[in-house]
Amino acid sequence: SGRLEVGTGAWTGFVDGMYSNLGVDNQSGPGGVADIDVTFQSALVDFGLMYRVGEWKPGGEAAKNDHNITLDLYAGARFTNLDLELSPAVLPKVSQTVSWFDPIVGAKAVLPISESWSAAINGDIGGFGAASDFTWSVTGVLRYDFNIGSTRASAFAGYRAIGQDYSDGSGNRAFTWDVVQHGPIIGLSFRF
């Protein structure tokens, strides 16, 4: 996964992507007659614009650094692509791909804790029946700031969760994706 933010003044554009490729080989098929390989790929890409609605100087130990408390609001879209492939040993391969876009709105806050440490949280909601009935995400990280030469950098660790409730079609063509994906995240960021 990765995130890119580019901005000037109070406005920032962002793209945030996540890709996974999961699979199992030689699983027993119906009645244990044949082996089947299963491959599942998913891609999620959030993109949009953020607007800085506030920036305040912190108090206490955090006031010694040049980082401020910030609050950004954002709006954009979440693109989802799912691809499932079943490869039985004795039958033809079967695959299906489903893609959709959801509108999202959210907020991001950064709170300096000390000269080098800060906490950041962002969350959004969306879908609103445009494609998904509902989608949401929440990310919280603890960040350590440092310099690599003249480039500002941060190492961070935290947790991310994304939920989606999407359905399309009916009868034997019905597709439902009602899933929450979550887990720890670690990363490194650079600011130019």
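For sorting pocket linings by class, Ala, Val, Leu, Ile, Met, Phe, Trp, Tyr, Cys and Pro count as nonpolar, Asp, Glu, Lys and Arg as charged, and the others, Gly among them, as polar. In this predicted model, the lining of the largest pocket then comes out as 18 nonpolar, 16 polar and 12 charged residues. The pocket itself holds about 1600 Å³ of space. Of its 46 lining residues, E5, K108, R143, S189 and R191 sit closest to the centre. Strand 9 chips in the most to this lining, with 11 residues.

The second largest pocket has a volume of about 170 Å³. Its lining has 8 nonpolar, 2 polar and 1 charged residues, and takes in F40, L82, D83, L84, L86, V94, S95, Q96, V98, F175 and W177. Strand 4 (69–88), strand 5 and strand 9 each put in at least two of these.

Then there is the nonpolar core. The largest one is made of 6 residues: L82, V98, W100, Y166, F175 and W177. Strand 5 (94–112) and strand 9 (175–191) each bring at least two residues to this core. Setting aside neighbours within four places in sequence, W177 makes contact with F40, L82, W100, Q164, D165 and Y166.

Elsewhere, G126 belongs to strand 6 (residues 117–126). G126 counts as buried because its relative accessible area is 0%, and the cut-off is under 20%. Leaving out residues up to four places away in sequence, G126 touches P103, I104, D133, F134 and T135. The C-alpha atoms of G126 and W136 are 6.1 Å apart, with the two residues 10 apart along the chain.

Methods
Residues numbered from 1 in each chain as written. Predicted model: local features only at pLDDT ≥ 70, side-chain atom pairs only at ≥ 80, totals over all residues. Heavy atoms only, no water. Core = buried A, V, L, I, M, F, W, Y, C linked by side-chain atoms within 4.5 Å. Buried < 20%, exposed > 50% of the residue type's maximum accessible area, 1.4 Å probe, protein only. Helix = DSSP H or I, 4+ residues; strand = E, 2+ residues; numbered from the N terminus. Contact = heavy atoms within 4.5 Å. 1 Å grid on protein atoms, 1.4 Å probe; cavity = no way out; pocket = protein on both sides within 12 Å on 5 of 7 lines; lining within 4 Å. Points joined across faces, edges and corners; volume = space filled by probe spheres on them.
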